[in-house]
Amino acid sequence: IGPMARTVEDLALTLPIIAGPDWRDPYAAPVPLGSPSAVDISALRIATFTDNGAAQADADTVAAVAAAAKVLTDVGAVVEADAPSAIGRGPDLMIAILRADAGAGVRGLLKESGTTELHPLMRSVLDLQGDSPLSAADFGSLLAELDQWRGEMLSFMEGYDAILCPNTISAAVPHGGFSGSAWSTSTTSQFNLTGWPGAVVRAGQSGGLPIGVQVVARPWQEDVALALAKHIETALGGWRPPTL
């Protein structure tokens, strides 16, 4: 869970308001937030990739990631082409978890919210979940596999402070549109599985539509993710109003 805004500065202002224990959310950990302005980007080592094992980003998105990598190396950060060896298993694991309850959880949320008309993307999610929920034993095995995968991913981060990669495999779709690909957002979803902090910022465009890049930091290092996103935003222009 995190804020959305047009600028990284607004993200940095909003995050401290919603972060930390509130005696309501059992998952809110008492971990202090660091300040993005105190992060020394020149001291960071960053891995970068454009293929997450499920889908290769298109040419314009690859170029946007390369542009973001260049502005980071220009200020002294070490940026290396590398990816966790476990990353390729992430998409299938994500789908397995999504399908585990055959959509019962999603349908429950839709019913609770009174939603009766579904976006094509939500319809595709429900179709993907099928109608055969896992047994308790099989679900337990799946959670054990998830923990092992998270451990392998975390071991990769011992050598890096952050990862720079696409957040989707192509530019944004028009409002109300749908990419039609189950893997178009798989890179973002993979890091939902890790639980690590990430920030997405505009780094280019294609056909008049923005291309975002994703910066993912080590656990509890939101300050690093925001500092890198802020530098990319400043160097590459960040949010721009659409042409009407």
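Is Glu-233 buried or exposed? Glu-233 counts as buried, because its relative accessibility is 8%; buried means under 20% relative accessible area, exposed over 50%, and partly exposed in between, with a 1.4 Å probe and protein chains only. The tour below returns to Glu-233 at the second stop.

Before starting, note that this is a predicted model, in which local features need pLDDT of at least 70, side-chain atom pairs count only at pLDDT 80 or more, and totals for chains, interfaces and linings use all residues. Residues are numbered from 1 along each chain as its sequence is written, and side-chain values use heavy atoms, with hydrogens and water left out.

**Stop 1: helices H2 and H8**

Select residues 59-73, which are helix H2, and residues 222-236, which are helix H8. Helices (H or I, at least four residues) and strands (E, at least two) are DSSP runs, numbered from the N terminus. The two helices pack at an angle of about 105°, and their axes are 10 Å apart. Axes here are lines fitted to C-alpha atoms, for helices over the stretch in contact, and angles run from 0 to 180 degrees between N-to-C directions. H2 and H8 are therefore roughly perpendicular to each other; angles under 35 degrees count as roughly parallel, over 145 as roughly antiparallel, 65 to 115 as roughly perpendicular and the rest as oblique.

Now show the side chains between them. From H2, the contact uses Ala-67, Ala-68, Val-71 and Leu-72. From H8, it uses Leu-228, His-231, Ile-232, Ala-235 and Leu-236. Contact means heavy atoms within 4.5 Å.

**Stop 2: salt bridges**

The structure holds five salt bridges. A salt bridge is a side-chain nitrogen of Lys or Arg within 4 Å of a carboxyl oxygen of Asp or Glu. Side chains of opposite charge can pair when their charged atoms come close.

Stay on H8 and select Lys-230 and Glu-233, whose side chains meet in a salt bridge (3.6 Å, N to O). Both residues lie in H8, three residues apart, about one turn of the helix. An α-helix has 3.6 residues a turn, so residues three or four places apart point the same way. Glu-233 is the buried residue of the opening question, while Lys-230 is partly exposed at 35% relative accessible area.

Next select Lys-70 and Asp-74, which form another salt bridge, with the closest N and O atoms 3.1 Å apart. Lys-70 and Asp-74 are both exposed.

Then move to helix H6 and select Asp-147 and Arg-150, which form a salt bridge of 4.0 Å, N to O. Asp-147 and Arg-150 are also three residues apart, about one turn of H6. Arg-150 is partly exposed, at 34% relative accessibility.

**Stop 3: a surface patch**

Remain on H6 (residues 136-156) and find Phe-139. Phe-139 is partly exposed, with a relative accessible area of 35%. Add Leu-134 and Leu-143 to the selection: with Phe-139 they form a nonpolar patch on the surface, with about 240 Å² of accessible area together. Accessible areas come from the Shrake-Rupley method with a 1.4 Å probe, and for residues only the protein chains shown count as cover. Patches are made of residues with over 30% relative accessible area and no salt bridge; like charges are joined within 9 Å, and nonpolar side chains (Val, Leu, Ile, Met, Phe, Trp, Tyr) within 5 Å.

**Stop 4: helix H7**

Select residues 186-194, helix H7. Seven of its nine residues are buried, so H7 is largely enclosed by the rest of the structure. The buried residues are Ser-186, Thr-187, Ser-189, Gln-190, Phe-191, Leu-193 and Thr-194. They pack against helix H3 (90-99), H6, strand S3 (162-166) and strand S5 (209-217). After H7 comes Gly-195, with a positive phi near 80°.

**Stop 5: H3, Ala-102 and Gln-129**

In H3, the buried residues include Gly-90, Pro-91, Leu-93, Met-94 and Ile-95. Their cover includes helix H5 (120-129), H6 and H7.

Select Ala-102 in the loop between H3 and helix H4 (104-113). Ala-102 has a positive phi of about 55°, although it is not a glycine, and it is buried at 9% relative accessibility.

Finish with Gln-129 in H5, which is buried at 3% relative accessible area. Leaving aside neighbours within four places in sequence, Gln-129 is in contact with Leu-98, Arg-99, Asp-101, Ala-102, Gly-103 and Val-106.
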